[in-house]
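Let's walk through this model together, moving from the domains down to a pair of helices. Have the sequence and the 3D view ready.

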Amino acid sequence: MLSRVAESLFWMSRYFERAENTARFLDVNFNLLLDLNRITHVENPSYWVALILVTSDKERFNSLYNEYSAHSVTDYLVFNKDNPNSITSCISLARENARSIIESISSEMWEQVNNLYHYLQSINPQFVHNNPYGFYKEIKNASHLFQGITDNTFSHNEGWDFIQIAKYLERTDNIARLIDVKYHMLLSEAQSQPEIVEGSEDIIQWMAVLKSCSALEAFRKVYLSKIDPDNILRFLILDRTFPRSINFSVCAAEDALWRISGSSRHRYVNNADRLIGKLEAELSYTAIEDIFSRGLHHYLEDLEQRLVKVGEQVHLTYFAYHTPEIESPDIAEALPFTGIGGGRANWSQAQQHQQQQ
Amino acid sequence: MSRFFERYEAEASRFFDEVISKDGTPRAHYDKLLHRFGQFSIDDIKARREIVNIFFRNQGITFTVYGEDEGVERIFPFDLIPRVVPAHEWQSIEKGLIQRITALNAFLHDIYHTQKILKDKIIPPELILGSQHFIREFVGVNPPLGIYIHVTGSDIIRDKEGDYMVLEDNLRTPSGVSYMLQNRQAMKRAFPVLFDKYKIRPIDNYPQELLRTLQEISPNTRREPNVVVLTPGIYNSAYFEHSFLARQMGIELTEGKDLVVNNNKVYTRTTRGLERVDVIYRRVDDAFIDPLVFRPESKLGVAGLVNAYRKGNVTLANAIGTGVADDKVIYSFVPAIIKYYLGEDPILKNVPTWLASNPSDLKYILENLGSLVVKAANESGGYGMLVGPESTIEQQEKFAEMIVANPRNYIAQPTISLSRHPSFSNDSDLYGCHIDLRPYVLYGKTVTIVPGGLTRVALKRGSLVVNSSQGGGSKDTWVVDE
């Protein structure tokens, strides 16, 4: 498969997943604030700043808006074209990538990306404000539909595996960020307002975290009604069967990477396989107590760093246009890779406008 | 005459009408079509229009108009009434094209080798050697089978008498063949009964014929040739066609950055390392194809590609430097070229052409700007053109200045009344539109032409410009056995 085609499949998938995750964060935050109206109100900035922290975009946000509010954060995360991670930007980039490989993907996949793109072009902020639930549901469903279409109309070979790697790396990263930010917030609240963290509001907030991963029902089946932070973290980080847990997603990314290269346990053939294998093995033998003894924040930060490195190695091995080879870990881990916005958006448009006979 | 055509005005005294003859009666090969359309109400037609529109939209059959902002992709306008070409007329077009392309190929081979035709003073050497499309780097190179022009799309028009004549030879990267194929698919869906009434020669084998042609020119005969399409990218107006052809042939669609040259061999960059490429069906112009030889700022090409080609490690289709033979100045010499290389009289006529580089012609052109069509020798797609009768005095004066400043770059032709065909645009009105015909000629071990081609229609009432970039549309073209 052409490296460019593989790279476009990867970014198409990754941007689509990113859009879905952003829709999930926003959706749950609205719901949460409605539940918490005893102690706060929908415009409480501290609940909106968290969404900006999740995407590590505080600086860019502050350069564009004066305040953290339902309106400004929604605008930034859904519509803003200067934010490469807004839902609109992500779907535009997913479509741009799909368009450049239109002969490689199934026409049903193209239609689905294209439909969502045109849907987003037709939506205005007032519509989202009036019916946030309906709008975010639309985005999530569109993403699920895209994945279903992909699974059922696109050959499960190398190209499909690149789609899976992108999807699960992106998902893992998003879950980690979400947990990190929520934990951070609850912790600071515990210091300033102990009664909140002790009380039912704490549980409601943790339930919101589960909901944003569509994990509440699955969690209840495992832990029944025992909603406490330890169990929730155990579930979201270490559960091996729930598709929006970190462990599951890392395993799925590992499977896809190994299918491409033919790697297996104890026998890796490139650095991407080695790094993902190491991560998966560690997760498999980690207990939640290990994570706490290291400090949750440190643990998640380290995890995010390692995901970036896996992404770098996928890039170097398959997209960077040289013969794959195993490099020494020192060199391999030094190269920068932004993983955001890059993709395939920068084209030399003018030159492509050659006159046609 | 069917009721559907009752209100149609052929104006057969002013133009050659494809359907209605001078005496006002329909031509025999249109009988069945008129009869069938006669059975349709306007609503029937609208229903069929909808079928066609849905087909095109779902296929994403779009083209790009430059100079407009967002929403650059537009559906190619399609005219529901097909053009019917009887087999005996097609036979002479086919023979004429084979003759013309064979001679032009011999001409290209000659000027990139011994240049005998220049030494024999058939063509003034400065016209060739001074042409921006004459590529010195390519002199003495021997492309496989001696073929330069593997895919061509000559534009054919009919004059007032209905004689077929060639208006332009497009020997570089002619586009539009995907529309020819898709138009046929759309028509089959919308008018199945009508199809049954004619013996229409099929065209669906074009992608296979194209692939076969490309495989035949592989420099490497020992293994299955690896053929790829090279596109400028998704912002090119013909990108749909590039991806369509790649998909139909089952080969990779590549961009410049997918290819790399190492030790004068060309490879694709894949997830499994480098893979050798034998033949490139390139839809990138010469000027952009290799930044080391042509425009250094080009991001669309492949550094080192020309050298790999010269070494005989890869074949480009079409070859480099073919533009020197479809220059509008050289066009006027094509009858002489046919005579010189083949010793035959041309089967297809040329449009009379005055060269601004020739002093007596220049005088004539400047005196008759209001009635002539002036064209820049190296432009295509309907750009850089002055249509005398439709121009203002200022436009004429501007062109006069440009012509005097650079006479080599301009030619003039009489305003030809292109033949007209009843057309059905989006309003429910039938009217005559000017048309031309672009058949696609494939040149491998043999010359192959799928019967028909793309009939382009100047859908704007009265307009003579059929190019899609200038608001033209197209219709299906049926070569029928009687």
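Domain bounds here come from an automatic or database domain assignment. The model is a predicted one: local features need pLDDT of at least 70 and side-chain atom pairs count only at pLDDT 80 or more, while totals for chains, interfaces and linings use all residues. Residues are numbered from 1 along each chain as its sequence is written, with chains lettered from A and ligands numbered from 1 in the order in which they are written.

Start with chain B, where domain 1 is assembled from the segments 80–183, 204–219, 314–349 and 435–481, and domain 2 covers 352–414. Taken over C-alpha atoms, the centres of these two domains of chain B are 23 Å apart.

Chain A also has two assigned domains, domain 1 at 1–154 and domain 2 at 160–333. Their centres, again over C-alpha atoms, are separated by 20 Å. Between them, 24 residues of domain 1 of chain A are in contact with 23 residues of domain 2 of chain A, contact meaning that C-beta atoms, placed from the backbone, lie within 7 Å. On the domain 1 side, the elements giving two or more residues are helix H1 (3–35) and helix H2 (45–54) of chain A; helices (H or I, at least four residues) and strands (E, at least two) are DSSP runs, numbered from the N terminus. H1(A) supplies the largest share of that side, 17 residues. By residue class, the domain 1 side divides into 13 nonpolar, five polar and six charged, where Ala, Val, Leu, Ile, Met, Phe, Trp, Tyr, Cys and Pro count as nonpolar, Asp, Glu, Lys and Arg as charged, and the others, Gly among them, as polar.

Back in chain B, look for an open antiparallel sheet of three strands in the order E4-E22-E23; strands pair if DSSP finds at least two bridges between them. Its edge strands are E4 (151–153) and E23 (447–449) of chain B. E22(B), residues 440–443, pairs with E23(B) over three bridges, and B:Leu442 has B:Thr448 as its bridge partner in E23(B).

Finally, find helices H8 (206–216) and H9 (239–249) of chain B, whose axes come within 9 Å and cross at roughly 80°. Axes are lines fitted to C-alpha atoms, for helices over the stretch in contact, and angles run from 0 to 180 degrees between N-to-C directions. H8(B) and H9(B) are therefore roughly perpendicular to each other (65 to 115 degrees).

How values were computed:
Contact = placed C-beta atoms within 7 Å. Parallel < 35°, antiparallel > 145°, perpendicular 65-115°, else oblique.
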